[in-house]
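Trainee: Before we begin, could you take me through this structure one question at a time and explain how each answer is reached?

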Amino acid sequence: PVLAQAPATPPATRPAGKPAAAPQPLMEARALDLLRASSARLAASKSMAFTATVGYEYPRRLGPPLLSTVRFEVLMQRPNRLRVLIPGDGPASQFFFDGRTIMAFAPERNLVAIEPAPPTIDAALQTAFQRSSLYFPFTDLLMSDPYRALTDGVFHAFRIGPSAVIGGVPTEMVAIANKDVFLQIWIGVNDKLPRRIRAVYAADRLRLRHQMDLSDWTLDPPIPAGAFDSPQARAARRMPF
């Protein structure tokens, strides 16, 4: 098969004993402007709903990594309401924050963890991470200041170019990097909403890829009563958070 053939020209190699030179910091104003515009659109929304479909590569003894996919259905209302439903793959789970408590619910096992929470989404998500390492890959997009969250510690930021195949809308691609992660982000040209984020972590020697597609965006949707609570979860058997 064509894909199994070796490349015609071997990759270039460095002379022995000469480490690769560290790239010079690159900060393009156009890339930062795109991130700033997208962040401002998110921060200005009093509420939002979207779907995040995330693919994680995992190493295997066979050699090539395997891909695991998780879907998150997100509903948020500023400053202190958040619901994340995770239908699978794998066991379903649910997360609720109502301004007073955070709940992590496993419906199939009828188990729930409930913890008092500070009164903002930013602080509640930090509490969830500190108490149980619970973290969502779209957390930066929910912050009160997404631009600050995305660009904290960034020393590379550059525009890659346009794309018309992600999410069915025209997008601009930008890349940013800090000491921990390299991100490639697709941002809608017209609506300024992020459509795809791809990450490679600096500490990962295998350079496994993590990709999040963002779809079904609705900004400032009507919020039904009781959307950020679950009587079923509160009635479940308790477990430590």
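Trainee: How many cavities of 30 Å³ or more does a search of the whole structure find?

Mentor: Keep in mind that this is a predicted model, and that a cavity here is a set of points where a 1.4 Å probe fits but cannot get out. With the whole structure searched for cavities of 30 Å³ or more, the number found is one.

Trainee: What volume does the largest cavity have, and what classes of residue make up its lining?

Mentor: The lining includes Leu35, Leu141, Ile185 and Pro194, together with Ser38, and α1, β10 and β11 each supply at least two of the lining residues. By class, the lining has seven nonpolar residues, one polar and no charged ones. The space that these residues enclose has a volume of about 50 Å³.

Trainee: Turning to the pockets, which element gives the most residues to the lining of the largest pocket?

Mentor: The largest pocket holds about 860 Å³ of space, and several elements give two or more residues to its lining, among them β2 (47-58), α3 (139-142), α4 (146-151) and β12 (209-219). Its lining has 33 residues, and those nearest the centre are Tyr135, Phe136, Pro137, Thr139 and Asp140. The element that gives the most, with five residues, is α2.

Trainee: How do the lining residues of the largest pocket divide into nonpolar, polar and charged?

Mentor: For this division Tyr and Pro count as nonpolar, whereas Asp counts as charged, and residues of these kinds, namely Tyr135, Pro137 and Asp140, are among those nearest the pocket's centre. Across the lining of the largest pocket, the division is 22 nonpolar, seven polar and four charged.

Trainee: What is the volume of the second largest pocket?

Mentor: This pocket is lined by 20 residues, with Ile86, Ser93, Gln94, Ala104 and Leu134 nearest its centre, and β3 (66-77), β5 (93-97) and β6 (101-106) each supply at least two residues of the lining. The lining divides into 15 nonpolar residues, four polar and one charged. The volume of the second largest pocket is about 300 Å³.

Trainee: Moving on to the charged side chains, is arginine 36 buried, partly exposed or exposed?

Mentor: Arginine 36 forms a salt bridge with aspartate 33, their closest N and O atoms being 2.9 Å apart, and both residues lie in helix α1 (residues 29-44), three residues apart, about one turn of the helix. Aspartate 33 has a relative accessibility of 40% and counts as partly exposed. Because the partly exposed class lies between 20% and 50%, and arginine 36 has a relative accessible area of 38%, arginine 36 is likewise partly exposed.

Trainee: Glutamate 172 and arginine 159 also form a salt bridge; is glutamate 172 buried or exposed?

Mentor: The closest N and O atoms of this pair are 2.8 Å apart, and the pair links distant parts of the chain, with glutamate 172 in strand β9 and arginine 159 in strand β8 (residues 156-163), 13 residues apart. Arginine 159 is partly exposed at 33% relative accessibility. Because a residue under 20% counts as buried, and glutamate 172 has a relative accessible area of 12%, glutamate 172 is buried.

Trainee: How many bridges join β8 to β9, and in which direction do the strands run?

Mentor: One of the paired residues is phenylalanine 158, whose bridge partner in β9 is alanine 175. Strand β8 is also joined to strand β1 (residues 26-27), by two bridges and in parallel, and there methionine 27 has alanine 157 as its bridge partner. Between β8 and β9 the strands run antiparallel, and the number of bridges is seven.

Trainee: Finally, which residues does threonine 127 touch, not counting residues up to four places away in sequence?

Mentor: Threonine 127 lies in helix α2, and because its relative accessible area is 16%, threonine 127 counts as buried. With residues up to four places away in sequence left out, the residues that threonine 127 touches are Ile102, Pro116 and Pro118.

Note on methods:
Residues are numbered from 1 along each chain as its sequence is written. This is a predicted model: local features need pLDDT of at least 70, side-chain atom pairs count only at pLDDT 80 or more; totals for chains, interfaces and linings use all residues. Side-chain values use heavy atoms; hydrogens and water are left out. On a 1 Å grid over the protein atoms alone, a cavity is a set of points where a 1.4 Å probe fits but cannot get out, and a pocket is an open set with protein on both sides within 12 Å along at least five of seven lines; lining residues have an atom within 4 Å of a point. Grid points are joined across faces, edges and corners, and a volume is the space filled by probe spheres set on the points. Helices (H or I, at least four residues) and strands (E, at least two) are DSSP runs, numbered from the N terminus. A salt bridge is a side-chain nitrogen of Lys or Arg within 4 Å of a carboxyl oxygen of Asp or Glu. Buried means under 20% relative accessible area, exposed over 50%, partly exposed in between (1.4 Å probe, protein chains only). Two strands pair if DSSP finds at least two bridges between them. Contact means heavy atoms within 4.5 Å.
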